[in-house]
Amino acid sequence: SGTLEGANAQRGLWSSRLAFILAATGSAVGLGNIWKFPYVTGENGGGAFVLVYLLCIAIIGIPIMMAEVMIGRRGGHSPVNSIRLIARQDGLNPAWKLVGAVGVLAGFLILSFYSVIGGWAISYVGTTASGQLTGQTADAVGEIFSGLLSNPGTLLLWHTLFMAMVMLVVARGVRSGLERAVSILMPALFVLLLVVVGYSMTTGHFGQAAAFLFQPDFSKLTTSGVLVALGHAFFTLSLGMAVMMAYGSYLPKKISIAKTSITVSVIDTGVALLAGLAIFPIVFANGLEPGAGPGLIFQTLPLAFGQMPMGSLFGTLFFVLLIFAAWTSGISLLEPIVEWLEEQKGLNRSISTLGAGIVCWALGIASILSLNLWADVAPLSFIPKLEGKTIFDLLDFFTANILLPLGGLLVAVMAGWIMSRPAMEKELALSPGLFNLWFVTVRFITPVAVGIVFIYNLI
Ligand code: PFF
Ligand code: NA
């Protein structure tokens, strides 16, 4: 499959709009929604941060997703080859295929720590199923979590299992079963989140949580909070690393790119907000710290599962579904690297997967050690903004807040300033008014917004 022809022969189109939505939703909905959204919201003071995040989804995320899907569908190949083809047709510099390279690097770095957190979720299946959470106090639940973090061997075991699950699917190249499973398991995850929200309503702190999430207090919003909100919008929608471009190449021509992009974004945002509504009442009811950091869901959800009727069952199911959501996202993180190795280096799929997976796994060990033995190692502390950040924090910061917005910026500039406008009009097939709205957004609003946030955070 190293040649365009070879790639062409292998490509089937998604059978329907639904199939694309399932794959894209599988990539988008993951740890970003349930693990990351609540804790970054807590760390950044709530409402105002959520508002900026929602604005970023609406005016940056959705237009960029449309641009990525459009480029992918028009090119009809892997991101790098799609851009190469479009470059030839529209007379642009083939160096634009760098967008694909940004994606490969970002996917690699993100997956290394994403897999470690996926490992936490795996570990919590056992914790919940064993019934040891029943009736526990916040302190006891906190101790279970710090016990996990303090044990590099256990973390490594679950990280290894998660990476192996991802590699298995990518190596075999068969994803259709998983995509169909998305249509059952994602709604199930949604329902279980609703169950936790239902429990959270009984804590007497639901109103406080809703106010925390939806009443903006701009005095709590910092410039770095705005950067985190922007970065998280990219991270949660799987944007800025050409994943949606790759998936878009399989989308049949007759399907509306705008409608599908909006659908995926709304589902993703819905899951994140629901996770927030599930978790913050538990935070306030137990006097926990909203800014507790990456452990937030593992210190709150177990309390709910320990107290609600049939909590062990619901909790076990919940973490199984969370693993599944993380799995489908992890696959979409490894896929671009493997595709790139196949195309650019001429390696076969198994070797590419094994090589990329093992290097990624090894890098994950640095994130594991950041949680215990290297907890005080903050290699870039001489930069004020990065002071005290562990290797794990730095990987998260550099990918979500720098690399992905940068990838998105490149996509916006390519669509807004470089590509043939008639070709884009044809691909998007929007009314002239809506097309212009999108075009003005990617041409001006996205680059200016990303530019301003970057510049403010540099000075
Ligand atoms: N969107 C995923 C999540 O929210 O968990 C994470 C992710 C997947 C980011 C794939 C980027 C990506 F390309
Ligand atoms: Na997401």
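## Surroundings of ligand 1

In this predicted model, five helices each supply at least two residues of the shell around ligand 1: α2 (17-28), α3 (31-43), α6 (98-129), α11 (223-236) and α15 (311-345). The shell has 16 residues, of which G30, G32, S238, V243 and S329 come nearest to the ligand.

Sorted by class, the residues around ligand 1 comprise nine polar and seven nonpolar, with no charged residues.

## Packing of α8 against α15

Helix α15, a contributor to the ligand shell, also packs against helix α8 (residues 152-172); the two axes come within 9 Å and cross at roughly 60°. Angles under 35 degrees count as roughly parallel and those from 65 to 115 as roughly perpendicular, so α8 is oblique to α15. The crossing of α8 and α15 is right-handed.

On the α8 side, the contact involves F162, M165, V166, M167, V169 and V170, which meet W327, G330, I331, L334, E335 and V338 of α15. Of these residues, 10 are nonpolar, one is polar and one is charged.

## Packing of α10 against α13

A second pair is formed by helix α10 (residues 206-214) and helix α13 (residues 257-285), whose axes come within 8 Å and cross at roughly 120°. These two helices are therefore oblique to each other, and their crossing is right-handed.

From α10, the residues F206, Q208, A209, A210, F212 and L213 take part in the contact, while α13 provides G276, L277, F280, P281 and F284. The contact of α10 with α13 consists of nine nonpolar and two polar residues, and no charged residues.

Note on methods. Residues are numbered from 1 along each chain as its sequence is written. Chains are lettered from A and ligands numbered from 1 in the order in which they are written. This is a predicted model: local features need pLDDT of at least 70, side-chain atom pairs count only at pLDDT 80 or more; totals for chains, interfaces and linings use all residues. Axes are lines fitted to C-alpha atoms, for helices over the stretch in contact, and angles run from 0 to 180 degrees between N-to-C directions. Helices (H or I, at least four residues) and strands (E, at least two) are DSSP runs, numbered from the N terminus. Angles under 35 degrees count as roughly parallel, over 145 as roughly antiparallel, 65 to 115 as roughly perpendicular and the rest as oblique. A crossing is left-handed if the near helix is turned anticlockwise from the far one by less than a right angle, and right-handed if clockwise. Two residues are in contact if their C-beta atoms, placed from the backbone, lie within 7 Å. Ala, Val, Leu, Ile, Met, Phe, Trp, Tyr, Cys and Pro count as nonpolar, Asp, Glu, Lys and Arg as charged, and the others, Gly among them, as polar. A residue is near a molecule or strand if its C-beta atom, placed from the backbone, lies within 6 Å of it.
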